[in-house]
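Take a look at the model below. Keep two topics in mind: enclosed space and helix packing.

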Amino acid sequence: MHRAERVLPTSPCYDYEAMWPAVSRRQFVLALACAPGVVRAVAQDRVSPGALDLDAPLPLDRLAAQLATKRVVFVGETHDRYDHHLNQLDLIRRLHQLDPNLAIGVEYFQQPFQLPVDDYIAGRTTEKEFLRATEYYRGWGYDYRLYAPIFRFAREQRIPVRALNVPNALPSAVGKVGIAGLSGPQRAYLPKEIGPADQDYRGRLRQAFEAHDAGKPDAFDRFVEAQLVWDEGMAESAATYLNANQGRRMVILAGSGHLLFGAGIPKRLQRRTNATYAIVLNAGDEIVANMADYLLLTKSQELPPAGILGINLEEKDGECRIGSLSAGGAGEKGGLKRGDILVEIDGQKVERIADLRLALWDRKPGDRVRVSVHRKRPFGAVTARTFEIELSASGKVAGKS
């Protein structure tokens with residue numbers, strides 16, 4: 001790992017290696033106190049603790065200047081934390097000001113969708129066309145509003161964006177049959193070189209694995225192989241671009257689990273490129289020595305409420321049927337009923353749940369939409385109905401639109 005610093009943008013950042021050289025794993029938890037900008041370090045065991053000086057924050061301008069000396073900057077995230085993505089955008093803006101020869105690599109899109117990503121960044125397609133062509137809501141699925149400011153900035157500045165991820169089906173297949181059991185077509189996006197998992201990497205995966213279902217005796221080995229395919233695939237994709245574009249630097253945005261201690265993507269990228277790099281993490285609940293070079297601390301920030309219909313869909317045989325409606329929600333008030341088959345929203349066909357999310361992703365509470373359905377009547381008759389519905393505000397219920 002590289003030497004770390006502590007930073008305070010709207011987010012403070014801390015130096016692990018210089019300030020906590022002897023901290024053992026799980027020894028400290030950082031929690032934001034009630035007063036803004038105050039951080040409390042809590043010892044969890046009796047091992048001699050390290051210490052952080054909380055009175056010497058590093059401004060973001062200085063952080064960006066230090067990061068600009070590296071060819072690759074990894075910025076981790078918790079996927080549904082809006083403040084994490086705002087931090088990522090802030091760093092990208094600053095790094096781009098220092099050196100416009102910048103590219104962005106993202107976990108959010110799979111490699112086969114590079115062309116539609118290029119088309120959007122080049123201004124050849126609209127945002128909605130971009131989301132449809134990349135199958136965003138099937139392949140990733142998080143609220144696109146979390147990421148929209150990053151992609152809009154890249155489009156405005158014509159910053160290349162690389163789709164780093166392997167196809168979703170590949171890690172899933174490896175998890176079921178292992179790398180050795182893959183068919184020829186399944187190997188098309190398999191990384192050419194897959195390095196071993198070190199003991200610590202396996203240990204972190206073991207915790208995640210056992211938190212769910214231990215499965216058969218060899219299931220964990222396949223689980224590790226799947227993770228290696230994921231990390232090596234993203235590292236190989238980024239390395240291919242960097243090796244072909246020697247004048248470019250890259251900011252890579254990925255879940256923090258892929259970046260911790262450099263064991264996921266970073267060291268596997270360096271093995272292929274010898275590129276200098278730094279790791280910036282947005283803080284979670286646990287701080288461990290050597291986990292990154294920089295740590296950003298921010299208070300959680302929520303997206304504004306989205307406009308929703310207040311319905312749950314059941315997808316089957318190319319149709320989306322309303323399985324339930326929120327009591328008093330927009331759909332119920334607007335005349336929709338359980339069992340209705342959703343056909344169109346504002347003229348856009350709905351055949352999958354992803355189509356509904358695509359149609360509504362940028363709508364706000366109070367917006368009105370035209371919803372067309374097929375409704376079954378007694379004796380098998382089906383009627384077409386269209387309703388104009390005023391959207392209500394979203395809550396915290398996952399999967400409801």
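This report covers the cavities and then one pair of packed helices.

The model is predicted. A search of the whole structure finds 2 cavities of 30 Å³ or more. The largest cavity has a volume of about 60 Å³.

Which residues line the largest cavity? Leu67, Ala68, Lys70, Arg71, Val72 and Val73 are among them. Leu95, Asp99 and Leu102 also belong to the lining, as do Arg249, Met250 and Val251. Two elements each give two or more residues to this lining: strand E3 (72-77) and strand E6 (249-255). Strand E6 gives the most, with 3 residues.

Now the helices. Two packed helices are described by the angle between their axes and the distance between the axes. Helix H9 (residues 199-210) packs with helix H10 (residues 219-244) at an angle of about 115 degrees. Their axes lie 10 Å apart. H9 passes H10 in a right-handed crossing.

Where do the two helices touch? On the H9 side, the contact residues are Tyr201, Arg202, Leu205, Arg206 and Phe209. On the H10 side, they are Ala219, Phe220, Asp221, Phe223, Val224, Gln227, Leu228 and Asp231.

The table sorts the residues at each site by class.

| Site | Nonpolar | Polar | Charged |
|---|---|---|---|
| Lining of the largest cavity | 8 residues | no residues | 4 residues |
| Contact of H9 with H10 | 8 residues | 1 residue | 4 residues |

The cavity lining thus has no polar residues, while the contact of H9 with H10 has 1.

Key. Residues are numbered from 1 along each chain as its sequence is written. This is a predicted model: local features need pLDDT of at least 70, side-chain atom pairs count only at pLDDT 80 or more; totals for chains, interfaces and linings use all residues. Side-chain values use heavy atoms; hydrogens and water are left out. On a 1 Å grid over the protein atoms alone, a cavity is a set of points where a 1.4 Å probe fits but cannot get out, and a pocket is an open set with protein on both sides within 12 Å along at least five of seven lines; lining residues have an atom within 4 Å of a point. Grid points are joined across faces, edges and corners, and a volume is the space filled by probe spheres set on the points. Helices (H or I, at least four residues) and strands (E, at least two) are DSSP runs, numbered from the N terminus. Ala, Val, Leu, Ile, Met, Phe, Trp, Tyr, Cys and Pro count as nonpolar, Asp, Glu, Lys and Arg as charged, and the others, Gly among them, as polar. Axes are lines fitted to C-alpha atoms, for helices over the stretch in contact, and angles run from 0 to 180 degrees between N-to-C directions. A crossing is left-handed if the near helix is turned anticlockwise from the far one by less than a right angle, and right-handed if clockwise. Contact means heavy atoms within 4.5 Å.
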